[in-house]
Amino acid sequence: MGSNYCRECGTRLIPQELEHEGIVPYCPKCEKFRFPQYNVAVIMIVVNEEKDEILLIKQYGRPTYILVAGYVTRGESLEDAVAREVREETGLTVSRIRFNRTQFFEKSDSLMCNFTAFVRNTDGFAPNYEIDSCRWFTKDEARQNIRPNSLAECFLVSYLDEQESGEK
């Protein structure tokens with residue numbers, strides 16, 4: 001059922017005024033307001049601190065490089081999701097994490113939370129079945145090889161621009 005229907009009973013929601021909140025979807029059968037729900041995901045710029053390189057991956061048979069990403073599970077912190085997704089998809093252990101920014105991604109109805117995930121060594125590097133191929137890039141190479149006009153490009157370019165300007 002989409003966001004136009006009550007997640008409890010399936011009744012079509014109607015827009016209704018809620019004091020101090022504005023117009024909120026309302027279920028006339030349950031007599032409850034149903035705030036919109038969406039997915040939460042993490043998307044990481046994985047940086048090898050020893051070589052100052054960035055990991056980009058290819059997935060789903062597509063020819064372009066993107067960033068490592070995955071959904072946050074219920075009860076999991078964003079930081080734990082970052083470490084788990086990097087470990088599951090690449091076998092690497094994150095040594096430190098830095099939050100960058102968020103952006104809503106309409107195609108997957110997801111709030112994408114961007115982090116930089118730093119790794120100190122790549123001894124355990126073993127991409128899993130979710131990754132078609134991957135490669136470590138210099139910062140300039142990563143900028144040139146990330147999927148054009150993608151959210152991954154937006155996050156990566158913002159991060160690289162901040163690094164070059166000395167911010168954060």
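Biologist: In what order do the strands of the open sheet of three strands stand?
Modeller: Strands here are DSSP runs (E, at least two residues; helices are H or I, at least four), numbered from the N terminus. Two strands pair if DSSP finds at least two bridges between them. In this open sheet of three strands the pairing is antiparallel, and the order is S1-S2-S3.

Biologist: Which strands stand at the edges?
Modeller: A strand at the edge has a single partner strand, so one side of it is left without a neighbour in the sheet. That applies to strand S1 (14-18) and strand S3 (32-33).

Biologist: What kind of model is this, and how are its residues numbered?
Modeller: This is a predicted model, in which local features need pLDDT of at least 70 and side-chain atom pairs count only at pLDDT 80 or more, while totals for chains, interfaces and linings use all residues. Side-chain values use heavy atoms, without hydrogens and water, and residues are numbered along each chain as its sequence is written, from 1.

Biologist: Which residue in S3 is the bridge partner of Tyr26?
Modeller: Strand S2 covers residues 22-27 and pairs with S3 in the antiparallel sense over two bridges. The bridge partner of Tyr26 in S3 is Phe33.

Biologist: How many residues of strand S5 are buried?
Modeller: Buried means under 20% relative accessible area, with exposed over 50% and partly exposed in between (1.4 Å probe, protein chains only). On one side of S5, Glu53, Leu55 and Ile57 are buried, and on the other side Ile54, Leu56 and Lys58 are buried too. For strand S5 (residues 53-58) the count of buried residues is six of six.

Biologist: Which residue in the turn of the S4 and S5 hairpin has a positive phi?
Modeller: Strand S4 (residues 39-48) pairs with S5 in the antiparallel sense over three bridges, and one bridge joins Asn48 to Glu53. The hairpin has four residues between its strands. The turn residue with a positive phi, about 55°, is Asp52.

Biologist: What is the bridge partner of Lys58 in S9?
Modeller: S5 also pairs with strand S9 (residues 133-137), in the antiparallel sense and over five bridges. In S9, Lys58 is bridged to Ser133.

Biologist: Over which ring does the charged end of Lys58 sit?
Modeller: A charge sits over a ring if NZ of Lys or CZ of Arg is within 6 Å of the ring centre and within 35 degrees of the ring normal. The charged end of Lys58 is 4.7 Å from the centre of the ring of Tyr65.

Biologist: Why is the pair of Tyr38 and Phe104 given its geometric name?
Modeller: Rings of Phe, Tyr and Trp (its six-membered ring) pair if their centres lie within 6.5 Å; planes under 30 degrees apart count as stacked, over 60 as edge-to-face and the rest as tilted. By this rule there are five aromatic pairs. The centres of the Tyr38 and Phe104 rings are 5.7 Å apart and the planes stand at 85°, so this pair is edge-to-face.

Biologist: How many residues apart are Tyr38 and Phe104?
Modeller: Tyr38 is partly exposed at 43%, and Phe104 is partly exposed at 35%. Tyr38 lies in the loop between S3 and S4 and Phe104 in strand S7 (residues 96-105), and their separation along the chain is 66 residues.

Biologist: Is Gln59 buried or exposed?
Modeller: Gln59 lies in the loop between S5 and strand S6 (68-71). Contact means heavy atoms within 4.5 Å, and among the residues touched by Gln59, beyond four places away in sequence, are Ile66, Glu89 and Ile131. With a relative accessibility of 5%, Gln59 counts as buried.

Biologist: Which residue forms a salt bridge with Arg96?
Modeller: A salt bridge is a side-chain nitrogen of Lys or Arg within 4 Å of a carboxyl oxygen of Asp or Glu, and the count comes to 11. The closest N and O atoms of the Arg96 pair are 3.0 Å apart, and the partner is Glu49.

Biologist: How many residues apart in sequence are the parts that this pair ties together?
Modeller: Arg96 is partly exposed at 41%, and Glu49 is partly exposed at 29%. Arg96 lies in strand S7 and Glu49 in the loop between S4 and S5, so the tied parts are separated in sequence by 47 residues.

Biologist: Which residue meets Glu162 in a salt bridge?
Modeller: Glu162 is buried at 9% relative accessibility. Its salt-bridge partner, at 2.8 Å from N to O, is Arg101.
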